[in-house]
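Trainee: Please take a close look at one helix and the turn of chain that follows, and then connect that part to the rest of the fold.

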Amino acid sequence: MLEVGTVAGWMQEWYPPATAEAWDRVGLISGSRTTPVTRVLLAVDPVEAVGEQARALGAQMVITHHPLYLRGTSFVSEDDAKGRLIAGLIRSNIALLNAHTNADVARGGVAQALADLVGIVETVPMVPVADDPTVGLGRIGRLPSPMRLGDFADVVASALPAGPNGILVGGDPDRLVTSVAVSGGSGDSFLALAGDLGADAYVTADLRHHPASEHLEEGGPALICGSHWATEWPWLPVLARQLVDRAAAEGEQLEVVVSQICTEPWFEHLATTGSTQDLVTMPNEGAPA
Ligand SMILES: [Zn+2]
């Protein structure tokens, strides 16, 4: 029977910890490498709802993208949510492992999964690592045939997993898009690079007002801003397939479940519809008291 340590070893092989950013924390967060494992739950975020799902499923291992403790931690008491999650997992003998920036850069990793999902072909990393040009942060490639930005945005919206955040689209909807850069999760830092690499559009998440606005003012690539969760989740089914295939190749039984719990902090998206009426030039018309 498989053990947690065997699955952790596969993860280490596919997503070497040495390829993670220096500030990152990746690997086995809690649990024993000798625990037998027949069922694994995959999720973007290590949150209590995911821990409860693992328990309900009878999973012996949870693999998340995000780390649980990224900075120095003095307390793991159940006074806070992270403490409750970790204590609950340990009590239930469920191991927790994560692959974060090492999964972002990998072949078949988070950035590649996002590029594949939205139909980008001939992709290469936006920031290749020195010793392997097929590994690195972000991906840039092209659409099989050029598309209006408005139409490409429809493709992205229908491909990303359903969530309340949706996508925001910046730029001329009639702009023709051929070259596309993608980076799952927070992509602010690659705005300029996407332009330098010749992208017509950049698909990412968590873009803030000033960087995005200034980027578009400068004529940079059109922007498609999804949610952090939705742009990273597409890696999970890819990882599930990898795990199941590897287990089968080794003659082992392993069931892998991809969590469909949307761990965005939001539960609803409403377009705002309040008035932007100019109260200076029309002082007598409907000015609020
Ligand atoms: Zn992330």
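Mentor: Glycine 119, just after α5, takes a positive phi of about 85°. This is a predicted model, in which local features need pLDDT of at least 70 and side-chain atom pairs count only at pLDDT 80 or more, while totals for chains, interfaces and linings use all residues. Residues are numbered from 1 along each chain as its sequence is written.

Helix α5 itself spans residues 110-117 and is mostly covered, with seven of its eight residues buried; helices here are DSSP runs of H or I with at least four residues, strands are runs of E with at least two, and both are numbered from the N terminus. The buried residues of α5 are Val110, Ala111, Gln112, Ala113, Leu114, Ala115 and Leu117, where buried means that 20 or more other C-beta atoms, placed from the backbone, lie within 10 Å of the residue's own, as against 12 or fewer for exposed and partly exposed in between.

As for the wider setting, the protein chain is divided into domain 1 (4-103 + 233-258) and domain 2 (106-226), with bounds that come from an automatic or database domain assignment. The C-alpha centres of the two domains lie 28 Å apart, and the contact between them takes 10 residues from each domain, two residues being in contact if their C-beta atoms, placed from the backbone, lie within 7 Å. On the side of domain 1 that touches domain 2, α4 (101-105) and α10 (235-249) each supply at least two residues.

Elsewhere in the chain, five strands form an open sheet of mixed pairing in the order β1-β4-β3-β2-β11, where two strands pair if DSSP finds at least two bridges between them. Because β1 (27-30) and β11 (255-258) stand at the edges with a single partner strand each, one side of each is left without a neighbour in the sheet. Within that sheet, β2 (residues 39-43) and β3 (residues 61-64) pair in the parallel sense over four bridges, and leucine 41 has valine 62 of β3 as its bridge partner.

Finally, valine 26 sits in the loop between α1 (4-14) and β1, and it is buried, with 23 other C-beta atoms within 10 Å. Leaving aside residues up to four places away in sequence, valine 26 touches Pro17, Ala20, Pro67, Asn98, Ala99, His100 and Asn102.
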